Amino acid sequence: MPSARISIRRGTKRDLNKIISIEEKCFDKDRFRPTHMRYLLWRPDSVVFVAEISGAPVGFIIASCRKSAKCARIHTIDVLPEFRRKGIGNSLLAEVERIAIERGVEKITLEVRADNFGAKKLYRNAGYEIDCMVFGYYQDGMDAIRMEKKLAAQK
Ligand SMILES: CC(C)(COP(=O)(O)OP(=O)(O)OC[C@H]1O[C@@H](n2cnc3c(N)ncnc32)[C@H](O)[C@@H]1OP(=O)(O)O)[C@@H](O)C(=O)NCCC(=O)NCCS
């Protein structure tokens with residue numbers, strides 16, 4: 001599939017149902033509840049991007065970016081299974097980082113399941129470093145790895 005058909009746009013509250021549907025296809029456990037997704041999208045500091053192929057949503061990222069704290073947080077990133085390993089996850093991450101840098105953010109943080117090999121590799125390859133372990137962070141008792149990336153301030 002040619003990468004030219006992949007486009008990334010800002011997400012809005014109107015994407016809520018599409019985002020919930022993708023989340024349901026990406027996680028069978030520890031998925032965000034629809035009410036939590038709604039809360040994340042409605043936050044005034046939320047930064048959302050949606051990846052589309054031929055106009056159909058295939059992935060998204062939700063972050064929050066608090067200018068006052070100079071810190072951003074990635075809440076979740078999902079790409080539908082059939083569209084993975086095409087660089088979409090990387091592109092979504094890069095878009096959030098671009099906005100964070102524009103807003104003067106110095107650091108992005110996230111949590112990832114200790115057993116989520118693919119996501120850990122995505123983040124490591126994108127320059128995220130392990131900060132600490134958060135034991136028993138997930139509903140099923142799985143530990144989280146907290147990761148962070150320091151951003152170069154925009155001149
Ligand atoms: C994690 C996820 C978002 C990655 O999306 P993606 O579009 O496949 O990521 P990319 O194609 O941009 O991958 C970039 C790099 O990350 C690494 N990577 C991503 N997924 C990987 C996997 N399953 N196994 C090994 N490496 C992986 C690779 O180094 C990859 O580069 P390569 O394909 O050239 O080897 C996707 O697998 C997903 O939605 N998973 C389910 C939801 C999830 O776990 N989200 C993370 C919550 S913290």
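1. Two residues are taken to be in contact if their C-beta atoms, placed from the backbone, lie within 7 Å. On that basis, and in what is a predicted model, Phe60 touches Gly11, Ile19, Ile22, Val48, Phe49, Val50, Ala51 and Asp78, once its neighbours within four places in sequence are left aside.

2. Phe60 is also a good place from which to approach the interior, since it is listed with Ile61, Ala63, Leu92 and Val96 as having the most contacts inside the largest nonpolar core, a set of 33 residues. Two or more residues of this core come from each of helix H1 (16-26), E2, E3, E4, H3, E5, H4 and strand E7 (144-150), and E3 provides the largest share, with 6 residues. As general background, nonpolar side chains in soluble globular proteins tend to be buried together.

3. Turning to the fold as a whole, the protein chain has 4 helices and 7 strands, and their order along the sequence is β-α-α-β-β-β-α-β-α-β-β. Among contacts between residues at least 6 apart in sequence, 59% join residues that are at least 24 apart.

4. On overall dimensions, a compact globule of 155 residues would be expected to have a radius of gyration near 15 Å, and the protein chain agrees with this because its own value is 15 Å. Along the principal axes, the C-alpha atoms fill a box of roughly 45 × 35 × 30 Å, while buried residues account for 27% of the 155 residues.

5. Helix H3 deserves a closer reading. Its 15 residues, 88-102, should span 21 Å at 1.5 Å a residue, and the C-alpha atoms at its two ends are 21 Å apart, so the expected and modelled lengths agree. The buried positions of H3 are Ile88, Gly89, Leu92, Leu93, Glu95, Val96, Glu97 and Ala100. When reading such a list, one may recall that an α-helix has 3.6 residues a turn, so residues three or four places apart point the same way.

6. What do the buried residues of H3 pack against? Their partners are strand E1 (6-10), strand E2 (46-53), strand E3 (56-66), strand E4 (71-79) and strand E5 (107-113), together with helix H4 (117-125). Just after H3, Gly104 adopts a positive phi of about 80 degrees.

7. The surroundings of the ligand comprise 20 residues, of which Arg84, Gly89, Asn90, Gly118 and Leu122 come nearest. The elements giving two or more residues to this shell are E4, H3 and H4, with H4 giving the most, namely 6 residues. Sorted by class, the shell has 8 nonpolar, 7 polar and 5 charged residues. Gly89 therefore appears in two settings, being one of the buried residues of H3 and one of the residues that come nearest to the ligand.

8. Two loop residues merit a check of their backbone angles, as each has a positive phi without being glycine. Ser54, in the loop between E2 and E3, has phi near 50 degrees, and it counts as exposed because 9 C-beta neighbours lie inside 10 Å, where the cut-off for exposure is 12 or fewer. Arg85, in the loop between E4 and H3, has phi near 60 degrees, and it is exposed because 9 other C-beta atoms lie within 10 Å.

Terms used:
Residues are numbered from 1 along each chain as its sequence is written. This is a predicted model: local features need pLDDT of at least 70, side-chain atom pairs count only at pLDDT 80 or more; totals for chains, interfaces and linings use all residues. The expected span of a helix is 1.5 Å times one less than its number of residues. A residue is buried if 20 or more other C-beta atoms lie within 10 Å of its own, exposed if 12 or fewer, and partly exposed in between; C-beta atoms are placed from the backbone. The radius of gyration is taken over C-alpha atoms; the globule rule is 2.2 Å times the number of residues to the power 0.38. A residue is near a molecule or strand if its C-beta atom, placed from the backbone, lies within 6 Å of it. Ala, Val, Leu, Ile, Met, Phe, Trp, Tyr, Cys and Pro count as nonpolar, Asp, Glu, Lys and Arg as charged, and the others, Gly among them, as polar. A nonpolar core is a set of buried Ala, Val, Leu, Ile, Met, Phe, Trp, Tyr and Cys residues joined through C-beta atoms within 7 Å.
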